[in-house]
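Hi,

Here is the structure I promised to send over. Have a look at it first, and then read my notes below with the model open next to you.

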Amino acid sequence: EKVSGERLIKDEIIDLGDGVFLKVFYPNIKLEGDDTNKNSIVLKLIYGDSNILLTGDIPTDVEKYLTMTSGEELDSDILKVAHHGSKNSLSEEFFSVVSPEYSIISASKDNSFGHPHKEIIDALNSIGTNILRTYEIGDITFVSDGDKFVLEK
């Protein structure tokens with residue numbers, strides 16, 4: 001059990017009970033500085049054979065690092081796309097390695113940043129993932145039985 005103020009680090013496993021775990025993929029060291037995007041935690045939620053990769057706001061260089069260090073372990077059913085679909089988080093190799101059935105982009109409609117950027121949508125389309133956008137459909141809910149995820153309507 002973590003003590004308040006401690007930081008999570010790569011390869012730690014957090015047991016949430018009932019066969020549900022979180023695996024930490026990033027950071028790999030205690031991060032310093034105030035780059036909140038680069039300091040985002042990357043977690044994989046695992047329940048049986050179903051899993052979701054949660055990427056925070058990591059930039060491209062962190063995606064590339066993860067691709068090199070974790071490779072196929074990143075393969076996930078669902079990807080929460082980093083940084084609201086910003087082109088600053090665009091590594092096509094990362095998307096290919098994760099190879100999600102569903103990719104979720106959390107962004108508000110007509111936001112001032114222009115998220116998601118066209119480059120991200122194009123890259124996701126190129127790997128054949130189903131793209132779900134919160135600004136189009138609102139809340140996105142998946143349910144898992146430990147074998148697979150089902151999108152609730």
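Start with strand β6, residues 102–105, in this predicted model. Are its two faces covered or not? Both are covered: Tyr-102 and Ile-104 are buried on one side, and Ser-103 and Ile-105 are buried on the other.

Next, check what β6 pairs with. One partner is strand β5 (residues 78–80), which runs parallel to β6 and is joined to it over 3 bridges. If you want a spot to zoom in on, Ile-78 stands opposite Tyr-102 of β6. Strand β7, residues 130–133, is another partner, again in the parallel sense, and here there are 4 bridges. Which residue of β7 is the bridge partner of Ile-105? That's Arg-133.

Now step back to Glu-101, which is in the loop between α2 (92–98) and β6. Is Glu-101 buried, exposed or partly exposed? Its relative accessible area is 48%, so Glu-101 counts as partly exposed, given that buried means under 20% and exposed means over 50%. Setting aside neighbours within four places in sequence, Glu-101 touches Ser-76, Asp-77, Thr-129 and Asn-130. Try Gly-128 as well: it is 27 residues away from Glu-101 in sequence, yet the two C-alpha atoms are 7.9 Å apart in space.

On to the rings. How many aromatic pairs does the structure hold? There are 4. One of them is Phe-94 with Phe-95: the ring centres are 6.3 Å apart and the planes meet at 55°, so this pair is tilted, because planes from 30 to 60 degrees apart fall between stacked and edge-to-face. Phe-94 has a relative accessibility of 1%, so it counts as buried, and Phe-95, also at 1%, is buried too.

Phe-142 and Phe-149 make up another pair, this one edge-to-face, with 6.1 Å from centre to centre and 85° between the planes. Both of these residues are buried. Remember Tyr-102 from β6? Ring pairs link Tyr-102 with Phe-142 and Phe-149 in a cluster.

One last thing to look up is Lys-23. What does its charged end sit over? The ring of Phe-25, at 5.3 Å from the ring centre.

Have fun clicking through it, and send me any questions!

Cheers

Terms used:
Residues are numbered from 1 along each chain as its sequence is written. This is a predicted model: local features need pLDDT of at least 70, side-chain atom pairs count only at pLDDT 80 or more; totals for chains, interfaces and linings use all residues. Side-chain values use heavy atoms; hydrogens and water are left out. Buried means under 20% relative accessible area, exposed over 50%, partly exposed in between (1.4 Å probe, protein chains only). Two strands pair if DSSP finds at least two bridges between them. Contact means heavy atoms within 4.5 Å. Rings of Phe, Tyr and Trp (its six-membered ring) pair if their centres lie within 6.5 Å; planes under 30 degrees apart count as stacked, over 60 as edge-to-face and the rest as tilted. A charge sits over a ring if NZ of Lys or CZ of Arg is within 6 Å of the ring centre and within 35 degrees of the ring normal.
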